[in-house]
Amino acid sequence: MCRLFGLHAGSEPVRATFWLLDAPDSLADQSRREPDGAGMGTFDGDGKAHVSKQPLAAWEDHAFAREARILKSTTFLAHVRYASTGAHTMANTHPFEQEGRLFAHNGAFAGLERLDQRLVELGAADLVHGQTDSERLFALITAESRRAGGDVGEGITQAISWIADELPVLSLNLILTTATDLWAVRFPNTHELHILERQPAGPDDAVPLDARSSRIRAHSKELAHSGHVLIATEPMDDNPAWRPLAGGALVHVGPDLGVSTSYPFPKAPAHPLTLSDLSPSAAASQRP
C-alpha cells in the first residue's frame, strides 16, 4: 500500500530531515514487494513548490530515497508509491504539482475513460501528463477549484463527490498542500489515515520531531518547541494523541495550525470496489 505523509509546521519555515525508504538488510527484506517510486514536495520562502522524486525499479536504485534530505518549508508532503495504474516513470511518480499545489494519493479507482471525458468537459485534460488515476484525480480537483474561484476545499469536495457518484472506487485517500495550507481526505474507510496535532512543548520537556513509519521517517530539532500537525497512513510513534480519521473526513489545516474537519462526501461510493475486483498487481498494491 502506498505511504502518505504530510506535515504542516505553521507560518514559519522549519528544517526537517527526511528518509523515504529503509535500506534492505536481509534477503527477507529484499523479497518483499518493492516500492515503485518515492518523492518529496516542499515550498520555498516565496511560496514556490519544489518536488524531488524518482521512480524506483529495483533496490539498487533506492539510494535516492534512502539518503537523508534536509529540507526547509512550512508544509511538507512525502509519498512512497506502490503502483496500481501506470508504469514506473517520473510522470507517474508522486507528488504531483498543479498550479502551485502539491498532491499525493493512496488508493485506486476505475473508469478512467469516463474521468478523461469529464476533464475534457472542464478544460483540464492538459493537466494530465502520465497514466495514473492519481494525477487524474488531482486534475479534477484543480478544475473544480478553478470553478469555485480558487476554493481548494470546495474543489476537493466537488471532485471526490463526482467520482464517488460516477466511478467504481476502492479508496480516494489524499493529501494536498500549498505553502500555507494542508488538506487531507479519507474516503471511504477502506484505507486508514491518521492525524497528530503536536502541541508546543515547554523548555523542560521539548522533544524533537522523530516520526517513523515502515517507509518514511521525518526528523526535526526545530519542531521541538513549536506546534505542528502530521497526517500519515499509520501512526509514526507511540504518542497516544494519534487518532484515525473517520471515513468520509475532509481535514483542513490552516496557516495558524487550526484544524477543521467536515464530512461533505456521500456516505459511500455508489459503485464500491473490493480487492477482488482489481487485477492481481493492482490488488497487491492496495494491501496493507
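Here are some numbered notes to help you find your way around this structure, which is a predicted model.

1. Let's begin with the bigger of the topics, the sheets. One open sheet is built from seven strands in the order 4-3-6-1-14-11-15, and its pairing is antiparallel. At its edges you will find strand 4 (49-55) and strand 15 (243-244), each of which pairs on one side only.

2. Within that sheet, take a look at strand 11 (residues 194-198) and strand 14 (residues 228-232). These two run antiparallel and are joined by five bridges. If you would like a pair of residues to look for, E197 has V229 of strand 14 as its bridge partner.

3. There is also an open sheet of four strands, ordered 5-2-13-12 and again with antiparallel pairing. Strand 5 (69-73) and strand 12 (209-212) are its edges; each has a single partner strand, so one side of each lacks a neighbour in the sheet. On average, neighbouring strands here are turned by 25° against each other, ignoring direction.

4. In the middle of that order, strand 2 (residues 14-19) pairs with strand 13 (residues 217-220) through three bridges, in the antiparallel sense. A handy landmark is W19, which stands opposite R217 of strand 13. As background, strands of a sheet pair through backbone hydrogen bonds, either parallel or antiparallel.

5. Now for a helix. Helix 5 covers residues 152-166, which is 15 residues, and spans 21 Å from its first C-alpha to its last, close to the 21 Å expected at 1.5 Å a residue. At its start, a side-chain oxygen of D151 comes to within 3.2 Å of the backbone nitrogen of G153.

6. Is helix 5 largely enclosed or largely open? Of its 15 residues, 11 are buried, so the rest of the structure largely encloses this helix. The buried residues include V152 and G153 at the start of the helix, and further along I156, I160, W162 and I163. Also among them are G155, T157, A159, S161 and A164.

7. Finally, see how helix 5 meets helix 4 (residues 133-147). Two packed helices are described by the angle between their axes and the distance between the axes. In this case the axes come within 7 Å and cross at roughly 125°. Helix 4 is therefore oblique to helix 5, and the crossing in which helix 4 passes helix 5 is right-handed.

Terms used: Residues are numbered from 1 along each chain as its sequence is written. This is a predicted model: local features need pLDDT of at least 70, side-chain atom pairs count only at pLDDT 80 or more; totals for chains, interfaces and linings use all residues. Side-chain values use heavy atoms; hydrogens and water are left out. The expected span of a helix is 1.5 Å times one less than its number of residues. Buried means under 20% relative accessible area, exposed over 50%, partly exposed in between (1.4 Å probe, protein chains only). A polar contact is a pair of N or O atoms within 3.5 Å; within protein, one must be able to donate a hydrogen and the other to accept it, and residues adjacent in sequence count only if both atoms are side-chain atoms. Two strands pair if DSSP finds at least two bridges between them. Axes are lines fitted to C-alpha atoms, for helices over the stretch in contact, and angles run from 0 to 180 degrees between N-to-C directions. Angles under 35 degrees count as roughly parallel, over 145 as roughly antiparallel, 65 to 115 as roughly perpendicular and the rest as oblique. A crossing is left-handed if the near helix is turned anticlockwise from the far one by less than a right angle, and right-handed if clockwise.
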